[in-house]
4 protein chains.
Amino acid sequence: MSKIDGNKEKKERAIYSAAYKLFTEIGINNVTVSNITKQAGVAKGTFYLYFKDKYSLMDKIIVKKSFELLLEAYNITKDKEFYDYNERVIFFIDFIVDSLKENRVLLKLLHKNLSWGMFNQAVDNKMITKIINELIHELYGDKIDNKMSELNFYRTLFMIIELTSSVCYHSIIEEKPAKIDEMKPLLLNVIKKILL
Amino acid sequence: MSKIDGNKEKKERAIYSAAYKLFTEIGINNVTVSNITKQAGVAKGTFYLYFKDKYSLMDKIIVKKSFELLLEAYNITKDKEFYDYNERVIFFIDFIVDSLKENRVLLKLLHKNLSWGMFNQAVDNKMITKIINELIHELYGDKIDNKMSELNFYRTLFMIIELTSSVCYHSIIEEKPAKIDEMKPLLLNVIKKILL
Amino acid sequence: MSKIDGNKEKKERAIYSAAYKLFTEIGINNVTVSNITKQAGVAKGTFYLYFKDKYSLMDKIIVKKSFELLLEAYNITKDKEFYDYNERVIFFIDFIVDSLKENRVLLKLLHKNLSWGMFNQAVDNKMITKIINELIHELYGDKIDNKMSELNFYRTLFMIIELTSSVCYHSIIEEKPAKIDEMKPLLLNVIKKILL
Amino acid sequence: MSKIDGNKEKKERAIYSAAYKLFTEIGINNVTVSNITKQAGVAKGTFYLYFKDKYSLMDKIIVKKSFELLLEAYNITKDKEFYDYNERVIFFIDFIVDSLKENRVLLKLLHKNLSWGMFNQAVDNKMITKIINELIHELYGDKIDNKMSELNFYRTLFMIIELTSSVCYHSIIEEKPAKIDEMKPLLLNVIKKILL
DNA sequence: GATGAATGAGAATTCATTCAT
DNA sequence: TATGAATGAATTCTCATTCAT
């Protein structure tokens with residue numbers, strides 16, 4: 001990689017990080033492009049060299065962060081032994097809940113912003129789409145006695161993740177209808193029933 | 001009510017309707033106070049006699065519309081006979097899904113905007129809070145053999161509504177991961193399992 | 001006229017004058033809306049209350065100034081006695097040339113900017129259109145022995161004015177191909193021939 | 001010419017052509033240096049190796065295109081036999097009008113942009129100046145009985161060309177005060193009178 | 001010579017909010 | 001109460017120009 005290309009990547013990453021920081025700290029509606037570039041230490045015009053506007057940048061950040069979280073959860077999950085796929089999914093979700101509990105700013109950002117859209121939308125990044133599909137396939141497992149088809153499993157998993165995301169947001173950020181520590185057992189229990 | 005008071009209420013209602021129309025048509029971020037008052041046929045200053053700003057107005061609209069939907073669903077439900085509360089809840093949810101299917105603009109507005117927040121937040125309208133509590137109590141029923149406590153039922157119902165809202169939004173508006181007609185049986189089946 | 005309406009008109013006129021001053025002093029490409037409003041002593045937003053952008057304002061100014069000049073020339077002309085319409089037109093043009101010689105900033109502004117467009121375009125101001133038509137009719141006169149039809153006179157007058165405008169601009173501003181005092185006799189002579 | 005010099009000239013010509021295309025298509029105020037270099041397939045910096053800025057480039061283009069048109073008109077004219085110089089000038093102008101009728105984009109570009117300035121300005125290209133002077137001299141002819149001095153002929157020709165340019169622009173582009181086919185006989189008639 | 005990433009001043013425009021009438 | 005002209009801070013976005021490679 002040439003010096004110029006290295007610099008380009010550095011600038012883009014600087015804008016990325018600055019934007020993530022600001023989006024989570026003060027909310028996208030209060031962030032301005034000026035804010036971002038000042039924080040990133042680049043000129044205002046440089047922003048428009050890499051991104052169309054602040055909304056397109058936010059979309060990219062959310063997809064990236066969602067993907068990273070799912071991938072991390074999956075990597076932890078795949079090395080463990082489980083009795084069946086239900087156990088595996090529960091562990092997977094449990095890890096996500098714990099991560100969001102520790103990372104409230106990420107939770108705020110993901111919630112109600114494309115959020116898990118990547119899970120069901122044609123993300124233009126082929127690599128991400130491919131890995132997500134693999135992840136789902138692995139999560140499903142290949143046991144003969146699975147209770148549902150892979151298609152239904154996929155759709156059910158989609159619902160589970162949407163539910164998890166909603167419950168986490170309300171219980172962790174607003175503590176409604178109860179704190180996450182009270183809601184988590186209920187949530188996991190509900191998911192277990194869903195997977196029966 | 002005097003004629004003047006009637007006029008006052010008329011202006012407020014005009015602003016309300018205009019704002020609902022615009023929020024659903026072009027999205028809250030693209031609506032301006034100017035827009036609203038022009039559509040409502042009142043002066044710009046008049047807006048500030050009735051509302052703090054457009055966000056507070058939107059909050060009120062969402063609470064009102066959510067409440068109306070829940071109340072309508074409940075009123076239909078309460079006159080029917082059901083074998084048990086599970087059946088009753090399923091019917092209740094089924095009605096909400098069908099309503100949202102018919103009313104896409106409402107769905108867009110509710111989603112990602114406080115949404116069912118009224119369900120778990122201290123809405124400043126005492127009347128609404130009271131009616132919602134009654135609704136939940138009625139939905140729960142008073143049978144001895146209910147499988148969960150009323151508290152757990154409340155929290156579970158919260159999850160069910162959040163789930164329903166998410167699934168409706170994605171399947172009706174984006175048709176992801178599948179159209180609502182394909183997703184609905186899956187959703188109702190999942191809810192049945194949750195209520196077991 | 002109410003106090004408010006009087007104020008409105010005052011503001012609009014202030015913007016008008018400020019813009020005219022700046023357009024003629026530094027050229028439209030170097031004038032900004034900020035410039036204009038600062039000079040006019042009004043807020044930037046006020047500009048957009050009255051004008052779409054600086055180009056639309058310039059168009060209006062040019063039409064107005066062209067009209068004023070033509071009208072002034074006509075008013076001077078109509079009170080004089082002439083042997084025939086040729087003499088009348090020559091006097092009319094002579095007055096315009098002298099005015100432009102005295103008012104170089106106006107000349108710069110008019111030249112190559114819609115300029116005499118008002119003469120041949122549907123100006124949206126009915127009043128101006130009406131007066132211009134009267135002016136042409138009066139200039140033409142009603143003598144039996146006029147050498148050309150009124151339609152041809154109109155088109156010829158259009159050419160004469162375009163020619164005058166061009167010659168004035170080049171000879172007064174750039175002194176090319178010669179100074180106005182050398183060009184004027186030539187120009188008037190040419191116009192006399194045209195009117196034969 | 002070395003290969004490198006050939007390449008240099010190729011780049012400059014590419015910028016030239018790209019700029020001409022863009023100036024005529026979208027108007028100089030909407031053309032950016034970025035636009036031009038992208039269209040020309042060269043780097044942005046390369047522009048500044050050959051031209052000071054887009055305005056200086058446009059001046060050069062206009063002078064070149066005006067010159068080409070006059071030269072073409074002259075070359076066609078000079079091979080024909082005419083009774084006197086009036087006939088010659090009429091033929092010359094007639095050719096220009098027809099060319100502009102066929103080439104509306106050129107007409108738009110020339111009009112209100114220095115236009116025939118080359119005709120009266122010290123163009124920095126000696127060669128062009130020399131050829132234009134020859135052209136005027138040839139047009140004037142050498143007959144003893146010419147009605148005006150060569151100096152007056154030069155100035156009159158200047159006026160005729162300015163008039164022609166104005167009339168063409170308004171009648172061809174805006175069809176005001178009438179279409180070119182209606183205006184042309186009037187214009188040529190006027191020019192004949194001017195040359196008497 | 002050629003490149004194109006980076007710059008940053010500055011232009012256009014919007015819009016919530018105020019306040020005199 | 002109701003009005004709507006006026007405000008001006010705030011924001012987005014552009015683009016000519018530079019300069020290290």
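**Exercise 1. The surfaces near the two DNA strands**

Describe, for this predicted model, which classes of residue make up the surface near DNA strand E, and then do the corresponding task for DNA strand F.

*Solution.* Begin with DNA strand E, where the nearby surface has twelve nonpolar, twelve polar and 13 charged residues. Next, look at who these neighbours are: 37 residues surround DNA strand E, and the closest are Gly45(A), Thr32(C), Gly45(C), Ala43(D) and Gly45(D). Then turn to DNA strand F, which is surrounded by 36 residues, the closest being Gly45(A), Ala43(B), Gly45(B), Ala43(C) and Gly45(C). Finally, sort the residues near DNA strand F by class, which gives twelve nonpolar, twelve polar and twelve charged.

**Exercise 2. The contact between chain A and chain B**

Find how many residues of chain A and of chain B take part in their contact, and state which helix of chain A gives the most to it.

*Solution.* The first step is the count, in which 23 residues of chain A are in contact with 23 residues of chain B. The second step is to locate the helices on the side of chain A that touches chain B, where α9 (150-174) and α10 (180-195) of chain A each supply at least two residues. Of the elements on this side, α9(A) gives the most, with eleven residues. By class, the side of chain A that touches chain B consists of twelve nonpolar, six polar and five charged residues. The last step is to superpose the copies: a turn of 180° and a shift of 0.1 Å along the axis lay chain A on chain B with an RMSD of 0.1 Å. The same surface serves both copies, since 100% of the contact residues of chain A recur in chain B.

**Exercise 3. The contact between chain D and chain C**

Explain why the relation between chain D and chain C is that of a two-fold axis.

*Solution.* Start from the principle that two copies of a chain are related by a rotation about an axis and a shift along it. Here, chain D can be laid on chain C by a turn of 180° and a shift of 0.1 Å along the axis, with an RMSD of 0.1 Å, and this is therefore the relation of a two-fold axis. The same surface serves both copies, as 100% of the contact residues of chain D recur in chain C. Now examine the contact itself, which takes 23 residues from chain D and 23 residues from chain C. On the side of chain D that touches chain C, α9 (150-174) and α10 (180-195) of chain D each supply at least two residues, and α9(D) gives the most, with eleven. That side of chain D has twelve nonpolar, six polar and five charged residues.

**Exercise 4. Cores and a single leucine**

Identify the residues with the most contacts inside the largest nonpolar core, and then decide whether Leu106(D) is buried, exposed or partly exposed.

*Solution.* The largest nonpolar core has 89 residues, and those with the most contacts inside it are Ala19(C), Ile36(C), Ile160(C), Ala19(D), Ile36(D) and Ile160(D). Setting aside neighbours within four places in sequence, Ile160(C) is in contact with Ile93(C), Ile191(C) and Ile194(C). Apart from this core lies another, of 54 residues, among them Leu70(A), Ala73(B), Phe92(B) and Phe153(B).

For the leucine, first place Leu106(D) in helix α6 (residues 104-110) of chain D. Then count its surroundings: Leu106(D) has 18 other C-beta atoms within 10 Å, whereas a buried residue needs 20 or more and an exposed one has 12 or fewer, so Leu106(D) is partly exposed. Not counting residues up to four places away in sequence, Leu106(D) touches Lys65(D) and Leu100(D).

Notes
Residues are numbered from 1 along each chain as its sequence is written. Chains are lettered from A and ligands numbered from 1 in the order in which they are written. This is a predicted model: local features need pLDDT of at least 70, side-chain atom pairs count only at pLDDT 80 or more; totals for chains, interfaces and linings use all residues. Copies are superposed by least squares on the C-alpha atoms of residues with pLDDT of at least 70 in both. Two residues are in contact if their C-beta atoms, placed from the backbone, lie within 7 Å. A residue is near a molecule or strand if its C-beta atom, placed from the backbone, lies within 6 Å of it. Ala, Val, Leu, Ile, Met, Phe, Trp, Tyr, Cys and Pro count as nonpolar, Asp, Glu, Lys and Arg as charged, and the others, Gly among them, as polar. Helices (H or I, at least four residues) and strands (E, at least two) are DSSP runs, numbered from the N terminus. A nonpolar core is a set of buried Ala, Val, Leu, Ile, Met, Phe, Trp, Tyr and Cys residues joined through C-beta atoms within 7 Å.
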